[in-house]
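This report examines a protein chain through its side-chain contacts, its interior and its surface. Please keep the sequence and the structure in view while reading.

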Amino acid sequence: MTNKIWFYPTLIVLLVLVFFLQIILGTAFFGWDILDYHFPYLYQTINGYRDFDYLWSPYILSGYPVYADPQGAISYPFNFLLSFIKDDPGYIIIEMQVIFHFMLAGLFTYFYAKKIGFSNHVSFISSIVFIFGGFMATHTQHYGTIDAIAWVPLMLLLLEYSFEKKNRYFYLILTGLIYGMSVLAGHIQTSLNTAYLLIFYLMWRNFFGKSINKNTVFTFLKSVFLMFFIGGLIAIVQILPTLQLMSDSPRSEMSLDGSMAANLVPIHIISLILPYFFGKYGYTPSWLNREIVESHLYIGLIPLVLVIVGFILASRYKESNSRHSAVTFWFVFTIIYLLMAFGGETILHYINYYIIPGYNKLRRSYNFYSFTTFGFSIIVAYTLTFARVNFKVFYLLFKKINKILLMFLSLLVIVLYGVLLLSNSESIEIVKPIINNAIISIVIISLGVLISTALYHKKIKGAHFSTLLIILILFDVFSFNANQIFNAQKLNVKSVITQSALYGENLEFVPEIEQRIENNTSTDAEKVMFLGFPATIQNQSILFGFENIYSYNPMRINSYDKYLQQVFPLKDESGLGSDVKFNSTMFNLLGVKYIVATSDYVETNSVELKEPNFTLIGSYNGGNYILFENNEVSPESFISYSISRMPEDKVLPYMSSDEFLGEEIVFDDQVENKTINQSQYKNEPVKVNQTGNGNFSISVDMKDTGALFVNKTYYDGWKAFIEGKEYPVEKVNGTFIGMEIGEGKYTIDFVFKPKIYYISAFVSGVTAIIVIIYIITTVFNRNRRYGLVQDKE
């Protein structure tokens with residue numbers, strides 16, 4: 001194999017393009033969360049950058065502070081760069097960014113492996129094991145996870161440079177900069193896991209095999225502080241707003257049971273050998289309750305055997321294992337992270353939940369498996385490096401483990417063929433992919449044994465063995481991981497609601513609603529409610545430009561979440577319940593003008609929306625979707641002369657009672673007396689005039705002291721100005737925007753200016769500028785000194 005420095009990095013890039021070829025050609029697409037959640041938010045963010053309107057989304061949850069949602073990732077530099085692309089960012093742009101981060105992850109892993117002492121071709125194999133392993137391939141649907149994890153190998157590489165003492169602080173500061181940027185990528189759990197990984201790595205590399213004294217401890221603490229001080233300041237633009245939103249959302253608390261959702265269980269381990277054992281997404285039924293848990297374990301059969309061999313060799317040849325403390329670190333922590341991925345199945349989860357800061361807010365323990373996969377890739381590199389020195393010992397172990405796997409798989413195929421003969425058609429659909437999977441696995445293992453035997457008996461050269469091994473590993477992981485998730489999405493876009501919305505296919509009710517909104521001259525609110533649709537459509541209302549009362553998002557604002565629960569119980573974080581109080585005052589205050597329901601939902605739940613309260617507009621797309629108009633919807637904004645103040649915990653119970661008629665404005669307050677003002681004047685609807693960048697103005701003619709109601713979710717950051725003077729904006733009627741105003745004529749300007757964002761953005765921006773100047777200056781001075789030395793020589 002060639003040793004030219006550019007060869008393997010180029011090959012990594014080309015292989016990533018081949019791995020995602022169907023995505024690039026448009027014959028497949030990334031599905032699930034990237035489609036449901038990430039793309040709509042990122043779509044608004046990218047367009048918002050152009051208009052300086054990226055902090056508030058009016059299209060979901062009756063208004064939402066998207067800047068505070070980490071998965072909105074509005075401050076991630078690569079998202080900002082996408083705003084320079086002309087026209088609207090198509091979905092392919094988002095897919096290309098994911099693919100680009102795969103390339104980065106592969107390149108960084110390659111150079112990290114080289115730095116800790118592995119050869120070029122072994123480092124290359126380590127790289128492909130990591131990026132084409134199941135975790136990365138499965139998590140293509142999780143945009144923020146891929147973006148964040150891609151930078152981890154680079155941070156480890158920079159830490160390795162920092163251990164050389166020369167320019168230690170330069171590399172620690174650079175690591176902090178990269179860590180801060182990875183936090184901005186928008187996946188809290190990956191960021192927290194990475195933080196602890198870096199701490200453990202620094203601790204291990206500073207103390208392993210060395211004498212511990214005050215100087216080494218002080219150096220370690222100083223390194224940790226400097227790295228996370230810089231990283232924290234870089235990421236503070238996202239950290240502070242997110243902490244504020246989390247404290248005011250259902251995600252502020254996480255029970256122990258909730259934290260154990262979506263973790264590995266022992267039976268999932270078989271997916272390391274047979275990735276289709278539980279079924280293949282998009283094609284076959286699954287006989288085990290699943291998310292994506294078990295489908296992302298597969299790292300390839302040959303790499304798995306190399307990992308097993310590596311652990312055996314490390315236990316027998318400790319002097320080889322200690323050749324570099326970084327390798328020893330991965331032997332130890334790969335097992336630890338694998339056990340942590342099992343969540344509540346082991347004691348480690350309880351330690352995390354009760355002792356380790358941050359983990360009591362998170363779930364999905366299987367995300368720890370990302371570091372397990374990375375550790376596997378380093379162990380593979382170690383095993384192959386050992387094989388070059390002592391191939392005989394390696395070959396005997398490699399062959400023995402492969403024999404065991406071959407016996408297991410052969411016996412499984414025989415048993416399953418027997419099951420086929422005795423099974424019904426449903427069982428056949430479950431068994432057939434397992435048999436096919438097992439047969440391919442047998443072929444892969446057999447080829448692995450064949451080429452290693454050929455080398456052992458000197459039938460081929462070492463270089464040829466390396467080439468054939470790489471080809472076999474690529475065939476292995478490409479056969480399964482390149483098809484497990486995204487290639488399962490070969491669907492007819494005209495028959496799938498998410499894809500129809502995405503690519504602008506003709507959803508007939510969309511232009512109908514758009515036209516009605518455009519022609520509306522009344523003061524009625526114009527929000528849309530979707531019933532019976534996949535969660536995707538809730539967030540993709542952003543693409544339509546519809547104001548939607550719901551969103552597939554667990555970080556809803558608490559007051560709004562509680563309001564929704566009064567109107568209809570939420571089924572879960574991804575769907576609305578069916579017991580909707582359509583005729584209630586609280587429902588009308590939500591501002592739902594149009595209700596789009598699937599015909600199945602209407603039939604299953606016996607929905608009756610009749611005159612005079614509702615008008616049937618029509619059915620669309622072959623009768624699949626039905627559109628209703630709410631004739632009793634409240635105005636988007638109105639003034640009321642009936643004002644009440646009461647403690648927050650009493651507002652919603654009062655509003656849900658028969659006593660509340662919707663004619664008064666109720667302020668959250670600690671005042672016990674309810675009625676502040678009752679006037680002879682009646683409510684008056686007022687027009688909301690959009691002024692751009694999410695801001696709006698309202699002109700009112702108050703005949704007496706009263707209050708203003710605006711049908712937008714209240715959140716810290718809304719400000720009101722009358723003739724340039726700021727007036728307080730308060731939370732009214734449980735969750736909306738309002739303010740108390742006296743008699744007179746006013747034009748009130750409402751702007752969304754969250755102080756916490758502007759302060760944190762300033763701190764992040766200044767820190768980034770200072771760090772970048774420091775890095776450029778340091779590199780310039782280093783090159784200058786190097787040039788002077790060369791001149792002297």
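## A charged pair within one helix

Arg516 counts as partly exposed because its relative accessibility is 30%, which falls between the limits of 20% for buried and 50% for exposed. This value, like every other in this report, belongs to a predicted model. The side chain of Arg516 meets that of Glu512 in a salt bridge, with 2.8 Å from N to O. Glu512 is likewise partly exposed, at 22% relative accessibility.

Both residues belong to helix H23, which covers residues 509-519. Glu512 and Arg516 are four residues apart there, or about one turn of the helix. The pair also belongs to a network of salt bridges that links Glu512, Arg516, Asp524, Lys593 and Glu629.

## Salt bridges elsewhere in the chain

A search of the whole structure gives 15 salt bridges. One of them joins Lys712 to Glu636, where the closest N and O atoms are 3.9 Å apart. Lys712 lies in strand S14 (residues 706-713), while Glu636 lies in the loop between strand S6 (625-630) and strand S7 (637-640), so this salt bridge ties together parts that are 76 residues apart in sequence.

Are the two partners buried or exposed? Lys712 counts as buried, with a relative accessibility of 7%. Glu636 also counts as buried, at 16%.

A further salt bridge is formed by Glu726 and Lys719, with 3.8 Å between the closest N and O atoms. Glu726 has a relative accessibility of 45% and therefore counts as partly exposed.

## Aromatic pairs

The aromatic pairs in the structure number 70. Among them is the pair of Tyr37 and Tyr41, which is stacked, with 4.7 Å from centre to centre and 25° between the planes. Helix H3 (residues 33-51) holds both of these residues, four residues apart, which is about one turn of the helix. Tyr37 is buried at 5% relative accessibility, and Tyr41 is buried at 1%.

Another pair, formed by Tyr67 and Tyr757, is edge-to-face: the centres are 5.6 Å apart and the planes stand at 75°. Tyr67 is located in the loop between H3 and helix H4 (77-82), and Tyr757 in helix H29 (residues 755-792), so this pair ties together parts that are 690 residues apart in sequence. Tyr67 is buried, with a relative accessible area of 1%, and Tyr757 is buried at 7% relative accessibility.

## The interior

How many residues does the largest nonpolar core have? This core has 255 residues, and Leu708 and Phe750 are those with the most contacts inside it. Phe750 touches Leu708 itself, and its other contacts include Phe696, Ile698, Val710, Trp718 and Met739, when residues up to four places away in sequence are not counted. A second core, separate from this one, has 16 residues, among them Leu507, Ile537, Phe544 and Tyr625.

Thr194 offers a further example of a buried residue, with a relative accessibility of 1%. Its place is in helix H11, which covers residues 188-207. Beyond residues up to four places away in sequence, Thr194 touches Val152, Met155, Tyr179 and Phe371.

## A nonpolar patch on the surface

On the surface, Tyr417, Ile439, Val443, Leu447 and Leu450 form a nonpolar patch, with about 430 Å² of accessible area together. Helix H20 (residues 425-456) contributes the largest share of this patch, namely four residues. Tyr417 lies in helix H19 (residues 391-422). With 43% relative accessibility, Tyr417 counts as partly exposed.

## The chain as a whole

The secondary structure of the chain consists of 29 helices and 19 strands. Of its 793 residues, 58% are buried. Among the contacts with a separation of 6 or more, 75% involve residues 24 or more positions apart.

The accessible surface of the chain amounts to about 32600 Å². Carbon and sulfur atoms account for 59% of this surface.

Technical notes: Residues numbered from 1 in each chain as written. Predicted model: local features only at pLDDT ≥ 70, side-chain atom pairs only at ≥ 80, totals over all residues. Heavy atoms only, no water. Core = buried A, V, L, I, M, F, W, Y, C linked by side-chain atoms within 4.5 Å. Buried < 20%, exposed > 50% of the residue type's maximum accessible area, 1.4 Å probe, protein only. Contact = heavy atoms within 4.5 Å. Helix = DSSP H or I, 4+ residues; strand = E, 2+ residues; numbered from the N terminus. Areas by Shrake-Rupley, 256 points an atom, 1.4 Å probe, with all protein chains shown as cover. Patch = residues over 30% accessible without salt bridge, like charges linked within 9 Å, V, L, I, M, F, W, Y side chains within 5 Å. Salt bridge = Lys/Arg side-chain N within 4 Å of Asp/Glu carboxyl O. Phe/Tyr/Trp six-rings, centres within 6.5 Å; stacked < 30°, edge-to-face > 60°.
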